[in-house]
Amino acid sequence: MADAPEPAAPNADDIQKYLEKQIAALRKEITKINRTIAERSTKVLDNAHEQASDLSDDASSLASRATQQLRTQAQAVSEIARANPGTTTSVLGIVGRRVTATLQWKCELAGCEG
């Protein structure tokens with residue numbers, strides 16, 4: 001049986017060219033990956049910005065409605081107070097006494113002096 005000739009061992013130039021091709025291919029792949037990451041990051045940031053803007057708009061609208069409701073209620077209370085000054089004075093007097101009594105009680109519990 002005749003021995004088959006052994007393939008020639010690659011020389012240093014062939015190895016270097018092969019490695020350079022591999023490195024170039026890896027660089028291209030890394031560039032593609034970086035481009036994909038950048039595109040996805042932009043989409044994520046745009047989405048987050050849009051959601052934050054929507055939340056801000058919703059909060060602003062809610063605050064506006066709450067403020068309008070408070071104005072309406074304050075106006076109704078003010079009209080009732082003007083229409084019934086004696087009752088208003090009595091209610092405020094009772095509330096004032098309750099607040100004072102509550103504060104005194106809490107102060108006694110806490111050991112306040114005065």
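Visitor: How many residues does α2 have, and what does α2 reach from its first C-alpha to its last?

Guide: In this predicted model, α2 has 26 residues and reaches 37 Å from its first C-alpha to its last. At 1.5 Å a residue, 38 Å is expected, and the value for α2 is close to that.

Visitor: What span should α1 have at 1.5 Å a residue, and how far apart are its end C-alpha atoms?

Guide: The expected span of a helix is 1.5 Å times one less than its number of residues. For the 72 residues of α1 that gives 106 Å, and the end C-alpha atoms are 104 Å apart, which agrees. Helix α1 covers residues 12–83, while α2 covers residues 85–110. The protein has 2 helices and 0 strands.

Visitor: What happens at the N-terminal end of α1, and which residue comes just after α2?

Guide: N11 caps the N-terminal end of α1, with a side-chain oxygen 3.1 Å from the backbone nitrogen of D13. Just after α2 comes G111, whose phi is positive, at about 80 degrees.

Visitor: How should one read the radius of gyration of the protein?

Guide: The value is set beside that of a compact globule of 114 residues, which would be near 13 Å; the protein has 40 Å. The box filled by its C-alpha atoms, taken along the principal axes, is roughly 125 × 40 × 30 Å. Two pairs of residues illustrate the separations. R97 and E39 are 58 residues apart in sequence and 66 Å apart in space, C-alpha to C-alpha. For A101 and E6, 95 residues apart along the chain, the C-alpha atoms are separated by 107 Å.

Visitor: What percentage of the residues count as buried, and why does R97 count as exposed?

Guide: Buried means under 20% relative accessible area, and exposed means over 50%. Of the 114 residues of the protein, 0% count as buried. R97, which lies in α2, counts as exposed because its relative accessibility is 58%. A101 also lies in helix α2, but at 37% relative accessibility A101 counts as partly exposed. The accessible surface of the whole protein comes to about 10700 Å², and 59% of that belongs to carbon and sulfur atoms.

Visitor: Which residues form a nonpolar patch on the surface?

Guide: An α-helix has 3.6 residues a turn, so residues three or four places apart point the same way. Here the patch consists of I15, Y18, L19 and I23, with about 390 Å² of accessible area together. I23 is placed in helix α1 and is partly exposed, with a relative accessible area of 42%.

Notes
Residues numbered from 1 in each chain as written. Predicted model: local features only at pLDDT ≥ 70, side-chain atom pairs only at ≥ 80, totals over all residues. Heavy atoms only, no water. Patch = residues over 30% accessible without salt bridge, like charges linked within 9 Å, V, L, I, M, F, W, Y side chains within 5 Å. Areas by Shrake-Rupley, 256 points an atom, 1.4 Å probe, with all protein chains shown as cover. Salt bridge = Lys/Arg side-chain N within 4 Å of Asp/Glu carboxyl O. Helix = DSSP H or I, 4+ residues; strand = E, 2+ residues; numbered from the N terminus. Buried < 20%, exposed > 50% of the residue type's maximum accessible area, 1.4 Å probe, protein only. Polar contact = N/O pair within 3.5 Å; in protein donor to acceptor, adjacent residues only side chain to side chain. Rg over C-alpha atoms; globule rule 2.2 N^0.38 Å.
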